[in-house]
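I opened this entry to keep a record of what I looked up in the model, in the order in which I looked.

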Amino acid sequence: MAEEVKLFRTWSSPYALRIVWALKLKGIEYETIFEDLTNKSPSLLQYNPIHGKVPVLVHDGKPVCESLVILEYVDETWKHNPLLPQDPYEKSMARFWANFGDDKLMKSIWQLFIAHEKDQDVAAVAALENLKLVEEQLKGKKFFHGETIGYLDLAFGWIANIVSILEEIMSLKLVDGERFPHLSSWIQHFMDAPVIRDCWPPRDKMIIKFQVMRENYLAPATPK
Amino acid sequence: MDGEVILLDAYASMFGMRLRIALAEKGVKYEYREENLPKKSPFLFQMNPIHKKVPVLIHNGKPICESLIALQYIDEVWHDKNPLLPSDPYKRAQARLWADFVDQKVHTLGRKTWSAKGEEQEAAKKEFIEALKVLEGELGEKPYFGGEEFGYVDVALIPFYSWFHAYETCGNFKIGTECPKFVAWAKRSMQRESVSKSLADPEKVYDFVLILKKHFGVE
């Protein structure tokens, strides 16, 4: 009997993209259900009652939530083209840096994005420091995983997409080739990879979406 | 055989307790090194330069930070004895999600029961009890979160039981009356030697919380 795989996602979520890429890398057929988070479907609320968040992967009726947990589930269920390293220490490092990406790096870049002009310098220092730590992880490697794309590349995938969108809106270059030669090179390789490049959400739609978000954050302090 | 294993930890750290329990479950011999929190040693900064926190598991000179990551590492390296995570991928995913819930809810809200004041503290107490009730629901009639066997989620959660006395005293509320099933599970878990030897004394945890309150200026 054929397996049934469904992915509940929004059109723009970078977390959902991780799963799209992973399923593509493993060659898994699946059905996509796009969710409007202001009007969640009964199915989504049934599959993720605690948080009601996307993405949710439903495999033969069983739901798995949280994108990094889903990535490990996908890797453990479909064992070909492994995403995580086999060695326990290397695996721990991949998990550590994925968490760092979500907990520290993403937050610091977001803080810079929504900062008022007077707070931008301080916010930029934190974001740049965190980017430097990630840059150091790439030294000597084409991808975080090595010669091929793996778990940590998928976890950091948002850097290749969202960061350039935020940079365009802010008119500020964060990941420049001089300060971050390895990260810039990684972005190029990642963006060019066939499995990756066809999945990006429409850039113009993303720019509008994030521009509106930024305006909403900055609006209250704007003098009338 | 096991290699050189060092655990950089602090007596009252619930995250450190997780690793003490896991290492005991696996019968791994290790050297315990105590950090004198809230002061932090140069060695800690060297082993965990990014987060500067305990616990850090150091195996053959290589540091592994973040307790749930180190917990999985211990389970994978010493996989032959008392496996903590199930082998089925779906059950593993559920275990990881629930351990994450413990960090997001039990830890964060528990902390607020002693570090927050007024309305914020009251709200935290209420949500803390609600979180424990959600966990009681997940436990159901099983002896452990891991099912018949003590497992990953049990290890992730049980250390917080040693902090209940501090939460109750600082927050002026009783957890046991609201969550009897939870307490029953905790007492069952405490019967395991790995747990009873690894958990901090609740009175000493309370003393530590008083030091933290002073350090962070909470009164």
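My notes below go from conventions to domains, then to the chain interface, the salt bridges and the core.

**Conventions.** I am working from a predicted model, in which local features need pLDDT of at least 70 and side-chain atom pairs count only at pLDDT 80 or more, while totals for chains, interfaces and linings use all residues. Residues are numbered from 1 along each chain as its sequence is written, chains are lettered from A and ligands numbered from 1 in the order in which they are written, and side-chain values use heavy atoms, with hydrogens and water left out.

**Domains.** I found the UniProt annotation "domain: GST N-terminal" (unreviewed entry) at residues 3-82 of chain A and at residues 3-82 of chain B; such annotations may be inferred rather than shown by experiment. Over that stretch chain A is 38% helix and 21% strand, and chain B is 36% helix and 21% strand, taking helices (H or I, at least four residues) and strands (E, at least two) as DSSP runs numbered from the N terminus.

For chain B, I also noted the domain assignment, automatic or from a database, which gives domain 1 (5-77) and domain 2 (89-215). Their centres, taken over C-alpha atoms, are separated by 20 Å, and 15 residues of domain 1 are in contact with 28 residues of domain 2, contact meaning heavy atoms within 4.5 Å. About 2,000 Å² is buried between these two domains, with 69% given by carbon and sulfur atoms; buried area is the accessible area (1.4 Å probe) that two parts lose on being put together, summed over both.

**Chain interface.** I then turned to the two chains, where 23 residues of chain B are in contact with 23 residues of chain A. Together the chains bury about 2,000 Å², 70% of it on carbon and sulfur atoms, and on the chain B side I50(B), I69(B) and Y90(B) lose the most area, together 28% of what that side buries.

**Salt bridges.** How many salt bridges are there between chain B and chain A? I recorded four, counting a side-chain nitrogen of Lys or Arg within 4 Å of a carboxyl oxygen of Asp or Glu. R95(A) meets E76(B) in a salt bridge (3.2 Å, N to O), a pair that crosses from helix α4 of chain A to helix α3 (residues 67-77) of chain B. Salt bridges that share partners join E72(A), E76(A), R95(A), E76(B), R92(B) and R96(B) into one network.

Within chain A, the side chains of R95(A) and E72(A) meet in a salt bridge (2.8 Å, N to O); R95(A) lies in helix α4 and E72(A) in helix α3, so this pair ties together parts that are 23 residues apart in sequence. R95(A) is buried at a relative accessible area of 4%, and E72(A) is buried at 5%, where buried means under 20% relative accessible area, exposed over 50%, and partly exposed in between (1.4 Å probe, protein chains only).

**Core.** Finally I looked up the largest nonpolar core, which has 156 residues, with F156(A) and W163(B) among those having the most contacts inside it. The largest share, 12 residues, comes from helix α4 (residues 88-113) of chain A. A nonpolar core is a set of buried Ala, Val, Leu, Ile, Met, Phe, Trp, Tyr and Cys residues joined through side-chain atoms within 4.5 Å. Leaving aside neighbours within four places in sequence, W163(B) is in contact with residues including M14(B), W114(B) and F208(B).
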